[in-house]
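Please go through the fold of the following model.

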Amino acid sequence: MSTTLYDKIWNDHLVDQQDDGTALLFVDRHLVHEVTSPQAFEGLRNSNRKVRHPNLTLAVADHNVPTTDRTKGISDAESKIQVDTLDTNCKEFGVQLFGMDDKRQGIVHIIGPEQGFTQPGTVIVCGDSHTATHGAFGSLAFGIGTSEVEHVLATQTLVQKKAKNFRINVNGQLPLGVTSKDVILQIIGKIGTAGGTGSVIEYAGDLIRSLSVEQRMTICNMTIEGGARAGLIAPDEKIFNYLKGKPMSPKGENWEKALNYWNTLKTDTDASFDQELNLNADEILPMITWGTSPQDVITIDDKVPNPQSESDEDKKNSIERALNYMGLKPDMAAKDIKIDKVFIGSCTNGRIEDLREAAKILKDKKISSHVNAMVVPGSGLVKEQAEQEGLDKIFVNSGFEWREPGCSMCLAMNADKLKPEERCASTSNRNFEGRQGRGGRTHLVSPGMAAAAAISGSLDDVRKYQN
Amino acid sequence: MQKFNTLKSIPAYLPIVNIDTDMIIPKQFLKTIKRTGLGKNLFFEMRYDDQGNEISNFVLNQNPYDSSKILIAGKNFGCGSSREHAPWALLDFGITCVISSSYADIFYSNCFKNGILPIILEEEKIKELSEYASRKEEISVDLNDEKIVYGNNEIKFDVDPFKKKCLLEGLDDIALSLKKSDKIESFETDLKNKKPWIFND
């Protein structure tokens with residue numbers, strides 16, 4: 001029978017299947033961070049259980065770490081306890097940890113691929129919804145809760161039910177200045193934040209194949225914002241080249257064996273999907289979010305919606321609530337939205353290509369005098385690479401702050417946060433109420449758009465700055 | 001895990017769609033290393049003002065909803081972050097049943113791991129039940145019979161049979177899976193032969 005890529009990975013990891021469809025799935029790779037793991041390790045300790053495969057588990061502290069000078073440690077007492085607890089737990093249970101002073105430290109979804117821990121055809125989980133990022137490598141990767149983290153630590157398996165197959169085909173070519181961030185924002189705008197609920201999305205089409213590995217990660221990363229369990233892309237030569245020689249990638253004879261297997265990882269041509277969506281890349285424009293849900297997208301040429309033109313009562317209320325929170329007036333032009341802060345970073349857009357894209361716009365320019373802007377590289381290795389390329393100097397010369405790696409203002413668990421009513425152009429993934437700080441207002445954009453907004457002082461069209 | 005069987009309570013109604021887990025429990029409370037104590041911070045930003053005083057028109061700050069065990073909410077409840085702190089906060093507040101027309105996948109699954117029953121009903125039925133909330137009348141939930149009884153009416157709901165069994169009996173997922181250790185072991189042996197690079201040893 002013809003099968004999809006998701007079907008193949010699923011079938012290849014079935015340890016057991018009950019008559020009611022409940023399955024026990026083997027987990028090849030488990031990423032752990034400090035926020036969603038303490039209660040799981042505590043659970044193991046209370047029941048005298050061990051980590052079944054410490055060598056299939058990799059831990060890093062990313063949510064709570066300061067992005068300023070780290071020589072003084074973490075000043076927030078609770079953040080420090082959580083990071084220290086991860087350290088203690090990893091030592092006790094024999095799990096490899098990249099500590100705060102390790103240059104390999106960074107956002108969990110950036111270090112996995114960087115180390116070659118992330119591999120095609122694997123099942124990868126993490127107590128973090130943006131685990132979908134790793135699907136860019138043709139793995140089945142998804143976020144889990146803390147009880148499930150404990151389950152995976154104890155059994156190296158997970159209780160799951162099969163999701164539906166949903167394929168999104170993107171064909172054509174992106175216009176200049178339009179990026180994979182705009183593609184995924186466009187997709188979420190079309191399907192809505194619950195559009196993918198109960199499904200695994202496979203991204204396909206010639207545009208997707210033309211994207212670099214890092215651009216693919218941006219798309220898969222925000223799959224969860226469309227409600228889907230996971231998002232994945234069939235692996236190809238770009239993926240194999242990316243992984244070759246990475247510290248945790250297969251070596252020697254194993255590399256050849258792995259490559260043979262990885263080459264089989266694709267959806268059969270006549271496989272059927274429960275749902276399909278086709279998009280034309282040529283029609284995608286630079287996107288922004290105006291509201292408090294990632295589905296609240298418009299193009300930079302558009303106006304903010306007017307609740308009065310909405311007939312559905314729920315939608316109307318929801319628009320009114322969002323406009324009120326965001327401090328925006330109906331029908332105002334996107335380009336008239338004045339910003340206070342710019343954040344470039346996160347597991348969505350904190351990789352080297354993202355920093356290059358923003359730096360290209362910022363070169364020899366100054367950011368607006370009323371804007372406070374920062375770049376938080378996704379990992380110590382991204383930071384090092386950027387510094388070798390001189391990107392840090394471009395950012396600093398333009399007026400940006402150049403920070404240490406971590407999740408930072410994507411969710412504002414550390415000291416980096418918005419004040420009430422402050423408005424931010426952010427390359428992160430969520431514009432929920434209070435996400436970047438209580439009362440803070442977030443507009444999700446691509447790295448190039450964030451750079452353009454920093455220069456203009458208002459949301460602006462990145463295409464203006466393309467040479 | 002606490003068993004779930006039947007439940008009777010005046011429901012609280014929160015008529016907002018796409019309630020995300022950041023709204024249910026904001027990030028500053030994720031720094032805990034415990035599962036308990038989050039109830040007072042449930043829906044923190046809607047519940048308290050900048051000075052930390054209760055916002056009186058927020059439903060969970062009003063009597064009798066401040067002791068509701070059932071929460072009725074708009075569609076796509078629990079979207080966003082995977083934080084299990086969201087169901088922990090609901091549970092700690094005393095809410096053990098949520099009723100909505102749809103849920104985000106991870107939140108839905110997290111509920112069952114914590115003895116919380118998330119019920120899916122059609123929008124119309126949600127509106128009907130919400131009237132019981134505004135009239136401050138009790139409704140009853142019966143998991144075994146998969147029904148909600150309100151006034152002289154009842155609504156049937158569906159729940160996955162395995163998840164239902166686990167909730168009714170308060171079963172520990174890990175213990176159940178470890179009963180399949182022989183299957184896990186034979187899978188691993190097979191994996192080492194077929195894909196030696198996975199274990200990298």
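The questions below go from the whole chain to one sheet.

This is a predicted model, in which local features need pLDDT of at least 70, side-chain atom pairs count only at pLDDT 80 or more, and totals for chains, interfaces and linings use all residues. Residues are numbered from 1 along each chain as its sequence is written, with chains lettered from A and ligands numbered from 1 in the order in which they are written.

Q: How many helices and strands are in chain A?
A: Elements are DSSP runs numbered from the N terminus: helices are H or I of at least four residues, strands E of at least two. Chain A has 16 helices and 19 strands.

Q: Why is chain A as compact as a globular protein of its length?
A: The globule rule, 2.2 Å times the number of residues to the power 0.38, is set against a radius of gyration taken over C-alpha atoms. The rule gives 23 Å for 467 residues, and chain A is as compact as a globular protein of that length because its radius of gyration is close to this, at 21 Å.

Q: Which strands are the edge strands of the open sheet with the order 11-10-9-12?
A: The four strands of this sheet in chain A have parallel pairing, where a pair needs at least two DSSP bridges. Pairing on one side only marks the edges: strand 11 (230-232) and strand 12 (275-280) of chain A.

Q: Which residue stands opposite A:Val200?
A: Strand 10 (residues 199-204) of chain A runs parallel to strand 11 of chain A, joined by three bridges. Opposite A:Val200, in strand 11 of chain A, stands A:Ala230.
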